[in-house]
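Biologist: Hey, could you walk me through this protein? I'm new to reading structures, so plain words please.
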Amino acid sequence: MAGLGDGGLPGVRPDLAALEGYHSAQVDVEVRLNTNESPLPPPEAWRREFAETVAAIDFNRYPDREAIALRQALADSHAVGIDEIFCANGSNEVLQCLLLAYGGPGRTVALFEPTYTLHRHIARITGTAVAAGARRDDFALDLDVVADVVAGSDPVLTFLCSPNNPTGRADRPEEVATVAGLVPGLLVVDEAYGQFAPSSALELRATDPGAHRNVVVVRTFSKTWSMAGARLGYLVADPEVVAACELVALPYHLDAAKQVAGRLALRYVDEMERRVAAIAEERGRIAAAFTDLPLESWPSDANFLLFRPTTKPAREVWSDLVDASVLVRDCSSWPGLTGCLRVTVGLPEENDRFLAALTESLR
Ligand code: PMP
C-alpha cells in the first residue's frame, strides 16, 4: 500500500520523490533564445496545404493508428523500409518509448555528460539505472571512458547525442561506429540537430546495416523543420526496435493533424535546408563576435552555442541579458558546465540584440 502524502493523497513512487521536473525558465522577454527552436516559421505553402488537408479530416474518427502515410514518407526520405520507422509526440516521447521498452528496474543505460539532460531524466522516470561517464574537457567523447562505463555496467541502451546538446559538437562518425561496436545493447544516437551536422549515424546504418543493427537514430521535427509546436519526432532503427516501441506506445497516440503536418513538411526539404544554412551562417557571425569578448566558447555543429563568461559569474550575465529582454539558457549549475550559458541562434536582429546586451554586460 502506497504511503499517504500531504492531504491524505497517496505519495508518488519513492524513486520519483526526489526528482525535479524538467523545464527551462520561461520569462516574459522580447528575444527568446533559450530552447533551441527555429526562429523561422515553416514555409507559407506548407501552412496552406496543412490547413486545407486538416479541414478535410474526419475528426469524429480515430487517426490511422499505424501512421502509414507519415511513416512511408519518412521511410522514403531516408531510403529505408516503413518497418524501420517509429513516430511519437516529439523525440522526447520516442526516447521515453525506448526506455519503457528496454529500460526499467534491474536495467541500466549509459550516457556521457555533459549531454542532453532528458536522457537521464527519462531513464529515472522509467526506473532505469544510469551509468554515466564524463566527456573530455573539450566535450569530445573519451573512448576509454566509454569502454570502461560500458564494461562496468552492461547497458541495455547507450546514449549519444550528436550534435551534443548543450555543448554543440557532433561526434565523429568513426567514434560513433566504434561505440556501436563496443556496446552490448542498442546505441541510441539522438540527432535532434542532425541536419546541422556534417555526418549522421544514419550513414552507418546505410553503409553496413548488418554490422550496425544495434544503431538507433532519433530525430525531431522541432528544430530544423521549424515545427516545435507540432510535437513530432521519430526513430530509424531495426524493425525489431520499432516493434518494441509500438508495444509500449498508447493506441492512437499520433493525432491526425500531426500526421498530416509531418507528411507535408517532408515536401519542403529544400526550404528546410535553406533555413538550416541561414541559421548556420548566423551561428558563424555570433561565434566570430564571441572572439572579441571575455568569454570561452566552443565550436558548434547545431543551432546554439555554449559559452562561459570569464569576467563575471554566468548567473549575473544571464540576469543582465534578461534585463535587456533577452533570454538564454543558464546551464551553469549543470554537471560539467560550471559558469556556462547556452544561446540559441535566432533571427539576425535577435542575435544583434543578444550580442549588444552581452557586450554591455561584460564591458
Ligand atoms: N533531443 C535533444 C538533444 C534535444 O535538444 C531536444 C529538445 N530540446 C529533444 C531531443 C526533444 O525534442 P522534441 O521532443 O521537441 O522532439
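Modeller: Sure, we'll go through the sheets, the helices, a cavity and a few odd spots in the backbone. Keep in mind that this is a predicted model.

Biologist: OK, sheets then. How many strands form the open sheet with mixed pairing, and in what order?
Modeller: That sheet is open and has 7 strands, in the order S2-S8-S7-S6-S5-S3-S4. Its edge strands are S2 (85–88) and S4 (129–134), and each of them pairs on one side only. From one strand to the next, the twist averages 20°.

Biologist: What holds strands together in a sheet, in general?
Modeller: Backbone hydrogen bonds pair them up, and the pairing can be parallel or antiparallel.

Biologist: And how do S2 and S8 run, parallel or antiparallel?
Modeller: Antiparallel, with 4 bridges joining S2 to S8. If you want a spot to look at, Ala88 has Gly233 in S8 as its bridge partner.

Biologist: Which strands does helix H4 touch when it packs on that sheet?
Modeller: H4 touches S3, S4, S5 and S6 (186–190), and its direction makes about 160° with that of S3. Helix H8 lies across S2, S6, S7 and S8, running at about 30° to S2.

Biologist: You mentioned H8. At what angle do H3 and H8 pack?
Modeller: H3 (residues 91–102) and H8 (residues 239–248) pack at about 90°, and their axes are 8 Å apart. That angle is why H3 counts as roughly perpendicular to H8.

Biologist: Which residues meet there?
Modeller: From H3 you have Cys97, Leu98, Leu100, Ala101 and Tyr102, and they meet Glu240, Val241, Ala244, Cys245 and Val248 in H8. The residues of this contact split into 9 nonpolar, no polar and 1 charged.

Biologist: Back to sheets for a sec. What's the strand order in the antiparallel one?
Modeller: The order is S9-S10-S13-S12, so to speak from one edge to the other: 4 strands in an open sheet, with antiparallel pairing. The edge strands are S9 (295–297) and S12 (329–330), each pairing on one side only.

Biologist: How many bridges join S9 to S10?
Modeller: There are 3, and the two strands run antiparallel. Glu296 stands opposite Arg308 in S10.

Biologist: Which helix lies across S9, S10 and S13?
Modeller: Helix H12 (residues 348–362) does, running at about 10° to S10.

Biologist: New topic: holes. How many cavities of 30 Å³ or more does the structure hold?
Modeller: It holds 1. The largest cavity has about 70 Å³ of space in it.

Biologist: How do people find empty space like that?
Modeller: You roll a probe the size of a water molecule over the atoms, and that shows where empty space is left.

Biologist: Neat. What lines the largest cavity?
Modeller: The lining is Ser162, Asp171, Pro173, Val176, Val189, Glu191, Ser199, Ser200, Ala201 and Leu204. Those residues divide into 5 nonpolar, 3 polar and 2 charged. Helices H6 (173–182) and H7 (201–207) each supply at least two residues of that lining.

Biologist: And the odd backbone spots? Is the peptide bond from Ser162 to Pro163 cis or trans?
Modeller: It's cis, with omega near -5°. Pro163 is in the loop between S5 (157–161) and H6. Another cis peptide bond joins Glu113 and Pro114, where omega is about 0°. Pro114 lies in the loop between S3 (108–113) and H4 (117–125).

Biologist: Why are those worth pointing out?
Modeller: Because most peptide bonds are trans, and most residues other than glycine have a negative phi.

Biologist: Then what about Ser226: is its phi positive or negative?
Modeller: Positive, near 60°, and Ser226 is a residue other than glycine. Look for Ser226 in the loop between S7 (215–220) and S8 (233–236).

Note on methods: Residues are numbered from 1 along each chain as its sequence is written. This is a predicted model: local features need pLDDT of at least 70, side-chain atom pairs count only at pLDDT 80 or more; totals for chains, interfaces and linings use all residues. Side-chain values use heavy atoms; hydrogens and water are left out. Two strands pair if DSSP finds at least two bridges between them. Contact means heavy atoms within 4.5 Å. Axes are lines fitted to C-alpha atoms, for helices over the stretch in contact, and angles run from 0 to 180 degrees between N-to-C directions. On a 1 Å grid over the protein atoms alone, a cavity is a set of points where a 1.4 Å probe fits but cannot get out, and a pocket is an open set with protein on both sides within 12 Å along at least five of seven lines; lining residues have an atom within 4 Å of a point. Grid points are joined across faces, edges and corners, and a volume is the space filled by probe spheres set on the points. Ala, Val, Leu, Ile, Met, Phe, Trp, Tyr, Cys and Pro count as nonpolar, Asp, Glu, Lys and Arg as charged, and the others, Gly among them, as polar. Angles under 35 degrees count as roughly parallel, over 145 as roughly antiparallel, 65 to 115 as roughly perpendicular and the rest as oblique.
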